[in-house]
Amino acid sequence: MTGRESFRISQNAGSENHTSATTQLGYNDAIAIGNESIYFGVGQSLQKLVPFGPRLHRL
Amino acid sequence: MPAQDVESDKILRLYDFNDDGSVGRSLITTIWQLTPTTLVFGCYPAGIYISDVRQPSTIVQRGVIPRPPSSDQATPLCIRSRSVEADNFIVCGRFPSVLSYDLRAGLSVCGSVYSGAESLSSMTPVGRDRVIVGGSYRGNSAFL
């Protein structure tokens with residue numbers, strides 16, 4: 001990840017109400033990609049994200 | 001700004017420094033997955049931690065990166081596996097050396113290679129005994 005790129009993680013609460021929350025990972029945030037999960041650190045918090053599937057796409 | 005979207009319905013908080021009463025402000029600076037169940041992550045100002053992802057909020061081991069006299073800090077910026085052996089990994093950061101760890105000996109430095117740089121921000125192993133690192137040498141970016 002370079003200083004000009006970022007990752008944006010959309011968390012969907014369900015298909016019916018379409019609510020979502022977004023975490024923006026920036027230049028100084030850490031990220032590691034595992035086989036089934038993505039691990040990232042935001043500030044003081046270490047978090048794990050389990051994707052739906054291979055839905056990575058560039059905007 | 002280029003961005004990538006990742007859709008998910010599950011985000012788990014594995015660990016938070018606010019929850020364990022840590023003194024001072026620790027900021028996670030780098031993460032590496034050693035094995036499917038083991039994460040190693042580094043923090044400002046000089047922390048290094050091993051976490052078992054099967055047990056949220058569990059830090060298995062914690063250590064402090066020794067600050068060399070020539071550096072103002074010892075913040076880790078990049079962690080990589082050293083070999084196929086899951087116990088070995090290397091760390092670089094805001095200090096001039098690449099540090100090697102062997103978890104069989106605990107979270108203490110078991111070897112180091114001095115680079116001559118002021119700071120090393122990124123690296124990748126090449127083969128069994130070599131590593132390419134990038135960092136800052138006298139204020140300029142450089143590959144070493």
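These are my notebook entries on a predicted model with chains A and B.

**Entry 1. Confidence.**
I began with the scores. The model has ipTM 0.77 and pTM 0.79. For chain B I noted a mean pLDDT of 86, with 88% of its residues at 70 or more. Which strands mark the lowest and highest confidence in chain B? The lowest is strand E12 (residues 140-143), at a mean of 67, and the highest is strand E7 (residues 88-93), at 95. I kept E7(B) for a later entry.

**Entry 2. Chain A.**
I looked up the secondary structure of chain A and found zero helices and six strands. Read from the N terminus, the order of elements is β-β-β-β-β-β. Chain A has 59 residues, and 34% of them are buried.

I then picked one loop residue, Ser37(A). I found Ser37(A) between strand E3 (30-33) and strand E4 (38-42) of chain A. Is Ser37(A) buried or exposed? Its relative accessibility is 8%, so Ser37(A) counts as buried, the cut-off for buried being under 20%. I also checked a contact along the chain: Leu49(A) is twelve residues from Ser37(A), and their C-alpha atoms are 5.6 Å apart.

**Entry 3. Strand E7 of chain B.**
I went back to E7(B) and asked how many of its residues are buried. Six of the six are, so E7(B) is largely enclosed by the rest of the structure. I sorted the residues by direction. Asn88(B), Ile90(B) and Cys92(B) point one way, while Phe89(B), Val91(B) and Gly93(B) point the other way, and all are buried. This fits the general pattern, in which the side chains of a regular strand alternate between the two faces of the sheet.

Next I looked up the partners of E7(B). Strand E6 (residues 76-81) of chain B pairs with E7(B) in the antiparallel sense over five bridges. In that pairing, Pro76(B) has Gly93(B) as its bridge partner. A hairpin of six residues connects E6(B) to E7(B).

E8(B) also pairs with E7(B), antiparallel and over five bridges. Here Gly93(B) stands opposite Phe95(B). The hairpin between E7(B) and E8(B) has one residue in between. I noted that Gly93(B) thus appears in both pairings, with Pro76(B) on the E6(B) side and Phe95(B) on the E8(B) side.

**Entry 4. E8 and E9 of chain B.**
I followed the chain onward. E8(B) and E9(B) pair in the antiparallel sense over five bridges. In this pairing Tyr101(B) stands opposite Val109(B). E8(B) and E9(B) form a hairpin with six residues between them, and in the turn Gly106(B) has a positive phi of about 90°. I checked the burial of E9(B) as well. None of its six residues is buried, and E9(B) is hardly covered.

**Entry 5. Second largest pocket.**
I looked up the second largest pocket, which holds about 330 Å³ of space. It is lined by 17 residues, and those closest to its centre are Val98(B), Val113(B), Asp129(B), Arg130(B) and Val131(B). Which elements give two or more residues to this lining? They are strand E8 (95-102), strand E9 (109-114) and strand E11 (130-137) of chain B. E9(B) supplies the largest share, four residues. By type, I recorded eight nonpolar, five polar and four charged residues in the lining.

**Entry 6. Cysteines.**
I searched for disulfides over all chains and found zero. Cys43(B) is in none, and its nearest cysteine sulfur, in Cys78(B), is 15 Å away. Cys43(B) is buried, at a relative accessible area of 0%.

Why is there no bond between Cys78(B) and Cys92(B)? The sulfur of Cys92(B) is the closest cysteine sulfur to that of Cys78(B), but at 4.7 Å it is too far for a bond; a disulfide needs the two sulfur atoms within 2.5 Å. Cys78(B) is also buried, with a relative accessible area of 2%.

**Entry 7. A cis peptide bond.**
Last, I checked omega at Pro45(B). The peptide bond from Tyr44(B) to Pro45(B) is cis, with omega near 10°. I placed Pro45(B) in the loop between strand E3 (38-44) and strand E4 (47-52) of chain B.

How values were computed:
Residues numbered from 1 in each chain as written. Chains lettered and ligands numbered in written order. Predicted model: local features only at pLDDT ≥ 70, side-chain atom pairs only at ≥ 80, totals over all residues. Heavy atoms only, no water. Buried < 20%, exposed > 50% of the residue type's maximum accessible area, 1.4 Å probe, protein only. 1 Å grid on protein atoms, 1.4 Å probe; cavity = no way out; pocket = protein on both sides within 12 Å on 5 of 7 lines; lining within 4 Å. Points joined across faces, edges and corners; volume = space filled by probe spheres on them. Nonpolar A, V, L, I, M, F, W, Y, C, P; charged D, E, K, R; others polar. pLDDT = per-residue confidence, 0-100. Pairing = 2+ DSSP bridges.
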